[in-house]
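Student: Please take me closely through one part of this model, and then on to the interior around it. I would like the cut-offs spelled out as you go.

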Amino acid sequence: MFVVPVCFAQAQTGVLKGTVTHSTSKDPLVSVSVQVANNPGKGTVTDVDGVYSIVLDTGSYLIVYSYSSLTSDTETVHVDANAITTKDVILSPAAKLLETVVVSSGKFDQKLEELTVSMEVLKPSLINNKNTTSIESALEQTPGLTIIDNDPQIRGGSGFTFGVGSRVAIVVDGIPLLSGDAGRPEWSYIPVENIEQVEIIKGASSVLYGSSALSGVINIRTAYPRRKPKTIINYSVGYYSDPPKPAESWYGKSLPMFTNLNFLHSRIIHDNIDLVIGGNINVDQGYIGPPRQTKPLPDDLKKALSLTDSLPVYSNSDMLKIRGRLNFNLRYRSKKITGLSYGINGNGMLAKTNMALAWNDDSAGLYKGYPGAVFLENQVLFNIDPFIKFNKGNGVSHSLVTRIFYSSNTITNNLSNSGTLYYGEYQLQRAFKDYDFTFTGGVVGSVATSHSGLYASTGSPDNQVDNAAGYIQVDKKFWHLLNLSGGFRYEYFQVNNQQSVVAPIFRAGANLQVLKGTFVRASYGQGFRYPTITERYIQTKAGLFGVLPNPNLSPETSKNIELGVKQGFKLGSVMGFLDLAGFYERYENTIEYLFGTWDPSFSLVGFKFLNTGDSRVRGTDISLMLTTPESKKFGITALAGYTYINPQTLTPDKVYGITKLLPGGSSGDTMLSYKNSSMDTTGNVLKYRFKQMVKGDVEVRISKFLAGVSYRFYSKMQNIDKAFQQIEDATKLLSTVADIQQIKVIDYWKSHKNFQIWDVRVGYKFNDHHKISVVCNNLLNTDYSLRPLKIEAPRNTAVQYVYTF
C-alpha cells in the first residue's frame, strides 16, 4: 500500500498597515482611500483613527493614498510572509494653486486645471473678509456671474425674473436648494458661517444637476470639523450713508443701521461623531423707505384701474428686516464597518422682510418704494437632510442623500404661499485608479407641492410637480495628459397629472495638457428646464402692478459649446491661473419675464412669463486667479475677470403675446414681438443684459494688517421693455386727474451709460483669536440699478469683529 502525499499550494500573505495624518494639523485622516496600483479591486479606507490595514500576497507594491483637497501620495512597499509591514503616510494640502481640488464638475475630486468646463472658485477668506451676511454679495464678485434682484445670471443666460425659475442650479453639498414652487434661491438661508469653498460652473450642466442648471451651477460646500474643536463668533454693526443727490433721504436725521451676528461651533465627539452647529441673527433697517401715503382715488377711477382696495400705508418700522437662522451637521462614522458614515443635516430660518417692486421715481424718490408696490413678508424655512454613504475602499462608493425642504411665506396683499420639496438621490461611483477611469451613475426623484391662492388659476390652490431622472457620466484620463468626459441624463416631469414631458440630455468634454502649465479644453453640454408652478400659474396684483399666468408655457432648452485655455504661472512666490474661454450658447423656447399691458381689466400693467422664441449668446471670458503660499509676514490673493457677451434673439418677428390699450394710447390691441416690444433693437440684443462686465478683488496681507479692494463694472443695459415708456405716459396722464405717482424709469435708463462700484476693507489680526476690520461697500456712493425700477444700496460701512477659539 502506497501513501501518496498531496500538497496544496497556498500563497503566502502579510499585512500592510499604518496611519495617515494631515501634515499641518497632525490630525489622523478619516476615509483616506488606500489602493493597490494595477489592482483597482484591492484597497481599503482609513478608519476613525486614521488607521488602515490590508492583507496582501507577499511581494512589492505601489500603494496610492488619496483624500479630498489634499495632494495624493504614492508609496512603494514590500510585504513579507506572515509579517506586519507598517507604512505611515502624511498627506499635505495642495502646495500650489495648480492643485486646487474641486468636486462639482464630475461629482468626484478633480484638479481645477484638468476640468473640461469653465469654473470659478471662491475661497472662504473672501467671503469672510468682505463681511458677507448673505452669500449673493460675495458671489457678485465672480467673473461672468451677476445677481440681478436675487436672480443669478451666468454669461447672460437669462434676464431678470425676481429670482423665479432660476436658470442656475443652487446646490449645497450637492443637494438642490431652490424653492419647490418658484425655483427661487433664498440667499440669506445659506450658512455663510460654515463654507469650505464655493464652485461656480459656467455653462449648461443639466446632466448631473438637472433642470435648473440651464446655464450653470453654484455649489456651496460646507465644512466638517477637524480634530481640534473650533468656535467662531463674527459680529458686525454698520450704517447706510445718505443717498447720492438728487435722491432724498427718507430717514430724517438718523442713519439706518444694520447689525449681524454669525456663530459656529464644530468638533469631533468620541473620535467618530462630527458635529457642526451654526447660526445667524441679522437686523437691518434697509435702504429703501416706505412709500408715501396717497389720497383716496375717486370710485370711478378705481373701477377703471381695477383697484378694489385702498393702498396700504407703511412706516419705517414696517420696513425693518429681522432674521434668525440655525443650522447643524451631524455625521456618524462607523467604527465597526470601515467606510460607512451616516447622519442628518438641517437648517431653519425665521425672517421678517419686505420686497419693493418699484422705486417711487427716478430722482428724489429713488430710495423710496412706489405706492402699492411694496410687500411685507414673514418667512418660515427649514430643511432636514438624512444621508448615508459607504466607501468600500476599492474604488466603489455608494451615496444616498435626501431632503425635505419646507417654505412658508406670509405676504401682504394676499400673496402668501407655502410649499414642500421632497428630494432623494442615490449615486454609485466606481473609480478604476489603475486605469484613470471613473464611472458615476445615479437616480433622482423629487416631488414639489404648493398651496397658495396665487396659483388658483389651475382651478385649485394646491399644485404638484413630479420629477424623476437617471444619469451616468464617465471620465477617462489617457497618458496623464488627456481627460475625456461624457454623460447622459433622462429627465421626466409632470404637473398636476397633466401630460408628462421627457427629455434626453447629453454632454461631452476634453482637456489636454499641452505644456507643463498649459491646459486646453473643449466642451459641449445640453440644458433642459421645466417651468415652475409660479411661472405657469401665478396670478396676483398690487396697486397698478400685476402678474399674470401662462399655463401654456413650454420647457426651454439650451446647447453650450466652449473652447478654453488655462495657463498656470509662477512669478517668485506668486502662483496662479490665467483663463481664456470663448463660448456659444443656443436657447430654444427662451422664457423671458416681460413687462407689459397684458390685461388692463385686471391690472394697469404687469409681468408675464412668455416663450419668446430662440436666442443665442456668444462671447468670451477672461479670468485671473492668483495667490501666495501661507506666510505670517506677507500674502496676496486676487480674483479678477472680464466678460463680453453678445446676447441676441434669433426670432425677432415671432409673435408671442398680445398687449392691450392703455389710457392715452392708440386704440386696438398689439401683436407683441421682440421688434415692437423693445426700446432698442440694434443688433437684436436681448433685454436686461449687460454686454460687458469687469470684476476684480485684491487683498494684501502684511504681518497682522490686511487691506482689500473690490471693483465691479457694468456696461449699459442696452435693451429693456418698451412698455416702460407706455406706463410712464399713462401714469403721467393719470397724475393730472388723481393722486397717482408718475412712474419714471426711461430718463434714468438713458442717462446712465455704465456703473462702476468700488468696495474697500482694512483689518488687523491681533493674534489667532481676535481680528477687527472696517468694511465699506460702494465707497463712492454711486447710485446704480441692475434692473429697471430697482435701485441698489448706497454706501454702507461696517465694523467687524471676529473671535476664534
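Tutor: Happy to! Packing here rests on contact, meaning heavy atoms within 4.5 Å. This is a predicted model: local features need pLDDT of at least 70, side-chain atom pairs count only at pLDDT 80 or more, and totals for chains, interfaces and linings use all residues. Residues are numbered from 1 along each chain as its sequence is written, and side-chain values use heavy atoms, leaving out hydrogens and water.

Let's take helix 7, residues 723-734 (helices are DSSP runs of H or I, at least four residues; strands are E, at least two; both are numbered from the N terminus). Its twelve residues reach 16 Å from first C-alpha to last, close to the 16 Å expected at 1.5 Å a residue (1.5 Å times one less than the number of residues). Ala 723, Phe 724, Ile 727, Glu 728, Ala 730, Thr 731 and Leu 734 are buried (under 20% relative accessible area, 1.4 Å probe, protein chains only). These buried residues pack against helix 4 (299-304), strand 35 (591-596), strand 36 (605-611) and helix 8 (746-751).

Now the wider interior. The largest nonpolar core (buried Ala, Val, Leu, Ile, Met, Phe, Trp, Tyr and Cys joined through side-chain atoms within 4.5 Å) has 130 residues. Among those with the most contacts inside that core are Phe 545, Phe 595 and Ile 740. Leaving aside residues up to four places away in sequence, Phe 545 touches Phe 595, Val 605 and Ile 743, among others. A second, separate core of 17 residues includes Leu 16, Val 34, Tyr 65 and Val 89.

Definitions and conventions
Buried < 20%, exposed > 50% of the residue type's maximum accessible area, 1.4 Å probe, protein only.
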